[in-house]
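Reader: I'd like to learn how to read the places where chains meet each other and where they meet DNA. Can we go through it step by step?
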Protein chains: 4
Amino acid sequence: MAATQPERSRDRDRTQGEILEVATREFAEHGYSGARVDEIAERTRTTKRMLYYYFGSKEGLFVAVLEQAYAAIRAAEQTVDVDHLDPVAAIRALAELTFDHHEAHPDFIRLVSIENIHRGEHMAESLAAINAPAVERIERILRAGREAGVFRADVDAVDLHMLISSYCVFRVANRHTWQALFDRDLLAADRRDGYRTMLGDVVVAYLTG
Amino acid sequence: MAATQPERSRDRDRTQGEILEVATREFAEHGYSGARVDEIAERTRTTKRMLYYYFGSKEGLFVAVLEQAYAAIRAAEQTVDVDHLDPVAAIRALAELTFDHHEAHPDFIRLVSIENIHRGEHMAESLAAINAPAVERIERILRAGREAGVFRADVDAVDLHMLISSYCVFRVANRHTWQALFDRDLLAADRRDGYRTMLGDVVVAYLTG
Amino acid sequence: MAATQPERSRDRDRTQGEILEVATREFAEHGYSGARVDEIAERTRTTKRMLYYYFGSKEGLFVAVLEQAYAAIRAAEQTVDVDHLDPVAAIRALAELTFDHHEAHPDFIRLVSIENIHRGEHMAESLAAINAPAVERIERILRAGREAGVFRADVDAVDLHMLISSYCVFRVANRHTWQALFDRDLLAADRRDGYRTMLGDVVVAYLTG
Amino acid sequence: MAATQPERSRDRDRTQGEILEVATREFAEHGYSGARVDEIAERTRTTKRMLYYYFGSKEGLFVAVLEQAYAAIRAAEQTVDVDHLDPVAAIRALAELTFDHHEAHPDFIRLVSIENIHRGEHMAESLAAINAPAVERIERILRAGREAGVFRADVDAVDLHMLISSYCVFRVANRHTWQALFDRDLLAADRRDGYRTMLGDVVVAYLTG
DNA sequence: GATGAATGAGGATTCATTCAT
DNA sequence: AATGAATGAATCCTCATTCAT
């Protein structure tokens with residue numbers, strides 16, 4: 001039998017997890033400055049004191065929240081396998097998966113917006129490693145497409161990732177101003193398929209054009 | 001008849017303008033919650049009391065800042081004329097102008113991010129009218145392209161506007177997390193032309209593909 | 001009739017004065033770190049908020065307390081005139097006045113001890129000017145004594161001031177440890193005259209020896 | 001028989017000694033209230049818990065620190081033998097030794113200041129016994145001087161000890177405020193000899209005057 | 001209309017200490 | 001005897017706002 005953690009440690013992990021969960025919601029909801037440490041503590045089974053015990057400060061807690069959010073998002077992405085498809089189908093599938101993924105995680109997108117408002121000052125160095133696979137997968141598809149002669153040759157994987165991300169992120173992140181300016185709900189259910197297809201079309205047209 | 005404002009009123013306008021200018025910087029810099037009313041007042045020639053006198057509350061001031069920011073941005077956009085070009089050249093020109101425009105106004109983009117974090121609750125209704133021309137211009141280009149048989153027929157002007165905006169906004173708004181995750185500066189001067197061309201290519205390929 | 005201050009300003013001064021008075025007691029009693037801002041506010045007719053409004057921080061308040069304490073002590077000293085006495089009588093009178101003065105102001109001595117524990121980091125520059133007269137007076141007496149041929153010629157006024165101060169300060173400042181170590185109350189009323197005379201003897205013997 | 005302490009006890013003594021050493025520095029540096037139990041523990045190879053285990057409380061630790069500091073200081077003083085000198089030379093030698101001794105132990109002087117701020121409430125009773133020899137030695141010199149007819153007869157040993165101590169302590173303890181008030185560094189190396197001689201002169205003049 | 005002074009309510013954080021084994 | 005984890009109760013400070021003229 002594998003070594004079992006002592007009861008204590010599991011409590012510790014569970015409590016930290018609970019704090020992170022509640023803090024994620026609070027930060028995503030109100031931004032870094034708008035989030036209230038008291039509020040986070042109150043919605044937890046522990047006290048504000050424990051929050052400081054585990055995370056040191058409001059800032060330390062936010063860093064932990066960001067770290068966990070990125071880890072969760074990349075873990076979810078990893079599950080997808082698109083390598084066996086032909087290049088065109090693969091890149092469309094990847095774009096569409098990214099599309100659905102963003103729609104499913106609005107809190108993550110809000111956290112990223114918030115972190116950018118704070119000029120990325122809470123981004124741990126470890127995050128770069130976590131995100132590398134996303135680009136590598138695109139790289140593999142691009143290479144296959146170039147070798148098959150169906151993709152233009154001058155496209156960089158990071159830049160294509162940006163093209164896909166910008167579309168997916170904007171739809172979620174800028175939903176509210178877009179609604180006010182153009183009276184259009186970017187997340188309306190009856191438009192979702194259209195937007196998803198549009199993204200695939202954009203990416204494929206660009207790569208094969 | 002020329003407006004003959006009394007001396008008082010001109011003072012009033014100048015003071016309000018100064019407050020708005022300082023407040024725009026403060027809100028863009030620190031977010032809504034992070035912005036400090038004291039700080040704004042201090043960087044102004046008036047007092048905090050006047051700020052409340054003119055704008056009622058921190059929220060009222062933020063609404064005024066947003067309103068002014070949108071008005072300024074659309075006024076600048078209006079000066080561009082792309083209608084006389086052929087559809088492909090016109091849409092590329094428009095996309096590239098939008099690209100440069102966003103790069104030139106990072107504070108505006110930050111304010112929009114901030115407002116989206118706050119779920120668009122400070123967006124005045126009047127803003128819809130201000131932004132309509134941007135879509136109408138795209139509409140005109142799309143129609144010309146469709147009639148000339150060079151554009152696909154199923155593209156909506158608002159959606160194309162989103163495609164262009166998302167790319168331009170993301171580059172500025174998500175610069176910091178992107179730098180941390182992929183070690184790439186999206187605003188590096190030596191990549192600007194490449195990114196601008198890429199956007200044009202994307203849009204044209206999509207429309208003509 | 002002289003200009004009368006507006007009612008408001010007098011309130012302000014009175015309130016600040018009250019805060020300083022209470023803060024002086026609290027700092028003298030518990031030291032800088034041991035003093036409680038809440039406690040000071042509570043013993044005042046104002047709120048803790050006003051304390052920060054007027055003095056900015058606990059540290060700002062402590063600086064103000066020190067400044068006022070030094071000003072008060074030197075103002076009291078100034079009232080004494082010893083210049084018309086012969087040098088020996090004058091220096092003895094000055095020493096004895098200093099002696100009584102210190103005994104009468106134990107809180108001041110405590111504040112000075114506390115400030116020395118904090119390495120003098122709260123001493124305003126203005127204090128040097130306030131204290132110059134004390135040395136100048138000694139200087140005048142020393143000069144007269146040297147000219148009369150009754151004092152040794154190599155004594156510096158600041159150093160003689162230190163000799164006198166050290167004796168007077170120690171009696172008050174180190175009272176408690178002295179009591180514990182030697183079972184002697186340095187401030188016992190029935191020893192006061194003896195200690196006062198001893199100081200005069202020490203100073204006169206040194207100068208005339 | 002040589003003491004054969006069990007290994008455990010020696011560990012215990014070593015740990016306690018380390019805690020005391022670190023705590024002495026921390027209390028001397030920041031005062032009683034300003035000292036941080038966490039900080040002390042962190043600079044030790046043990047944990048905060050052990051500190052409570054051995055000393056019971058912050059106060060208990062401070063009492064132990066004081067006790068040890070007094071013991072160390074008196075032990076050092078004891079090594080000096082001045083009894084074989086003639087009374088005038090002996091008292092001057094003793095004063096000058098005390099002078100050097102204080103300069104060499106500023107932390108001890110700071111601890112004593114701190115304890116006096118706290119009204120001597122942490123002074124263990126045992127300290128009286130430790131300090132008795134200091135006075136007894138002065139008593140012997142005074143008696144010899146009186147019998148030789150070179151000293152005045154009305155001087156008490158404790159009081160002479162105070163005269164010497166006050167001068168030596170003040171120079172170290174009040175260094176910082178003196179610097180700020182009179183722009184003079186009482187511990188400047190090039191003044192040390194002068195101050196030491198001055199003390200001897202003062203004491204001898206008083207006793208023989 | 002214009003303004004210097006004042007403030008209630010809340011905000012992040014720290015402190016010495018004890019629990020549970 | 002020895003100890004890693006946990007914590008109640010403060011502690012200093014700040015914020016948007018309003019009072020009183």
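Author: Sure, let's start with a term: a salt bridge is a side-chain nitrogen of Lys or Arg within 4 Å of a carboxyl oxygen of Asp or Glu. This is a predicted model, where local features need pLDDT of at least 70 and side-chain atom pairs count only at pLDDT 80 or more, while totals for chains, interfaces and linings use all residues. Residues are numbered from 1 along each chain as its sequence is written, chains are lettered from A and ligands numbered from 1 in the order in which they are written, and side-chain values use heavy atoms, with hydrogens and water left out.

Reader: How many salt bridges does the rule find across the interface of chain B and chain A?

Author: Eight. In one of the bridges that the rule gives, the side chain of A:Arg119 meets that of B:Glu29, at 3.0 Å from N to O.

Reader: And how do I read the size of an interface?

Author: It is often given as the accessible area lost when the parts come together. Buried area here is what two parts lose on being put together, using a 1.4 Å probe and summed over both. For chain B and chain A that comes to about 4700 Å², and carbon and sulfur atoms give 67% of it. B:Ile117, B:Met162 and B:Leu181 supply 15% of the area that chain B buries against chain A, more than any other three residues.

Reader: How many residues of chain B are in contact with chain A?

Author: Contact means heavy atoms within 4.5 Å. By that rule, 51 residues of chain B touch 51 residues of chain A.

Reader: Now the DNA. Which residues come nearest to DNA strand F?

Author: A residue counts as near a strand if one of its heavy atoms lies within 4 Å of it. There are 33 residues around DNA strand F, and A:Arg49, B:Arg36, B:Lys48, B:Arg49 and C:Arg49 come nearest. On the DNA side, sugar and phosphate account for 52% of the atoms of strand F that come within 4 Å of the protein.

Reader: Which parts of the strand do side chains reach?

Author: Take phosphate first: a side-chain N or O atom of C:Arg36 is 2.8 Å from a phosphate oxygen of DNA strand F, and a polar side-chain atom of C:Tyr52 also lies 2.8 Å from a phosphate oxygen. For a base, look at D:Arg49, where a side-chain N or O atom is 3.1 Å from a base oxygen of strand F.

Key:
A polar contact is a pair of N or O atoms within 3.5 Å; within protein, one must be able to donate a hydrogen and the other to accept it, and residues adjacent in sequence count only if both atoms are side-chain atoms.
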